[in-house]
Amino acid sequence: MRWPVVLGVYWVTQLVESLGVSQIFAFMPLELRHVGLPDADIPRWVGLFGAIVFVVGLPLVPLWGVWADRYSRKAVIIRSALVEAAVFAGVAASATPWQLAASLLLVGFQLGNTGVMLATIRDVVPRRRLGSAIAIFGVSGPIGFAVGPALGGILVDGFGLPLAAMYVVSGALSLGTALLIALLIHEVRPSTVPAGRILDLAYGAVRGIFTDRATARLFAIFGASLLARQMTGPYIPLLVERANGLDGLAGAIGLVVGTAGLIGALASPVMGVVGDRVGFRRVLTAALGGGGIALLLMSATPSVPSLALVAGLNAGFAAATTAMVFGLLAVEVPAERRSATLNLVYLPLYLAGIVGPALGSVVVAAGLPVVFDLAGAVLLAVAVVVLRRR
């Protein structure tokens, strides 16, 4: 099987997942109103509902990687697409806050596919193309985050459909990706198939990350950057509401979040090529610093168009950060630990996905701008640390 086929199918798979997840986060304030929460409670619960997405999935993440390497990477990725469809159906059918919370908890059984896809891509792509291939794969997420809210805004404000219809469409696309993988992807086995007890292998891989100093540093840098972005992500729609008002809000959210995703999508492959030429660490430092400045500017941005521009810059720096971390892990981790490490590449996301929105739900009591100011300071601090350790 040719590596462009693997890259293309997994690119579409990641795109569809990002599309649906972006809709959940982008339209969370509207969904919370739909299920009956009063306006005064929405800022706090936006953060808390964002955090519960990762609660169930966190302890399962190491297991998915081991199951994939031991039995079938393909089956683990198909599992994720099928659970996605169930999640979107549950969100569409939710009529109370607790039904919505239960649907979002199911996301925990959906996680754990990106690292498996990344490990597969690493095994089939020639080394000279690796940086560019990883960047191309990474761009699918930002494109999904651009298309999802934009599509939602068209369906809700343009065609007058309910939010539930948007989630039904995303669920149908998820079922389509499961079928695509089943028909077009052959099994790609790791160079070393793990042997031993599943739990020992799974949590041994986690221990291996934190006992190797170089890998632990990369995971810590990635985790801190994701913490800042997960802290602010749920609150971008509230910035849009502050600038736009309630009239045409879905379309305005789609514009801001869609523009951000589009710029992020354009930045990722460009930064992959730049990283191949000038070095992943240099690009990583610049991306962290630029993202910190963008977050500091975001809460002071007064209009929807200018907010879309600043959010786009932030997303571009975020995409570059992710691409550079993936590239560093792919080339610096020893071959015998590469598959296990790449399977866990989004472990920092799941940790940050719990801590960041929960922290945001506390900090927002001091005012919406404080959330963005604190997150920007975190990114700038991480950039200084990376620069000093180059």
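Which residues of α7 are buried? Here are some friendly notes on this predicted model, starting with that helix.

1. **Helix α7.** The buried residues of α7 are Thr114, Gly115, Val116, Met117, Leu118, Ala119, Thr120, Ile121 and Arg122. That makes nine of the eleven residues in this helix, which runs over residues 114-124, so the helix is mostly covered, given that buried means under 20% relative accessible area.

2. **Val116.** If you want one residue to look at in helix α7, Val116 is a good place to begin. Its relative accessible area is 0%, so Val116 counts as buried. Follow the chain to Trp64 and you will have gone 52 residues in sequence, yet the C-alpha atoms of Val116 and Trp64 are 8.3 Å apart in space.

3. **Helix α11.** This helix takes in residues 213-232, and its 20 residues should span 28 Å at 1.5 Å a residue. The C-alpha atoms at its two ends are 29 Å apart, which agrees with that expectation. Like α7, which is mostly covered, α11 is mostly covered, with 15 of its 20 residues buried.

4. **Ser225.** Within helix α11 you will find Ser225. Ser225 has a relative accessible area of 1% and is therefore buried. Setting aside neighbours within four places in sequence, the residues in contact with Ser225 are Leu288, Thr321 and Leu379.

5. **The largest nonpolar core.** This core holds 115 residues, and those with the most contacts inside it are Tyr10, Phe27, Tyr167, Met298 and Phe372. Helix α15 (residues 304-332) gives the most to this core, contributing 13 residues. As background, nonpolar side chains in soluble globular proteins tend to be buried together.

6. **Tyr167.** Tyr167 is worth a closer look, as one of the core residues with the most contacts inside it. Leaving out neighbours within four places in sequence, Tyr167 is in contact with Gln23, Ile24, Phe27, Glu31, Phe88, Val91 and Ala92. Phe27, among these contacts, is also listed with Tyr167 among the residues with the most contacts inside the core.

7. **A nonpolar patch on the surface.** Now for the outside: Val5, Leu179, Leu183 and Leu184 form a nonpolar patch there, with about 380 Å² of accessible area together. Helix α9, spanning residues 163-184, gives the most to this patch, with three residues.

8. **Leu179.** Is Leu179 buried or exposed? This patch member sits in helix α9. Leu179 has 51% relative accessibility, and because exposed means over 50%, Leu179 counts as exposed.

Conventions: Residues numbered from 1 in each chain as written. Predicted model: local features only at pLDDT ≥ 70, side-chain atom pairs only at ≥ 80, totals over all residues. Heavy atoms only, no water. Helix = DSSP H or I, 4+ residues; strand = E, 2+ residues; numbered from the N terminus. Expected span 1.5 Å × (residues − 1). Buried < 20%, exposed > 50% of the residue type's maximum accessible area, 1.4 Å probe, protein only. Patch = residues over 30% accessible without salt bridge, like charges linked within 9 Å, V, L, I, M, F, W, Y side chains within 5 Å. Areas by Shrake-Rupley, 256 points an atom, 1.4 Å probe, with all protein chains shown as cover. Salt bridge = Lys/Arg side-chain N within 4 Å of Asp/Glu carboxyl O. Core = buried A, V, L, I, M, F, W, Y, C linked by side-chain atoms within 4.5 Å. Contact = heavy atoms within 4.5 Å.
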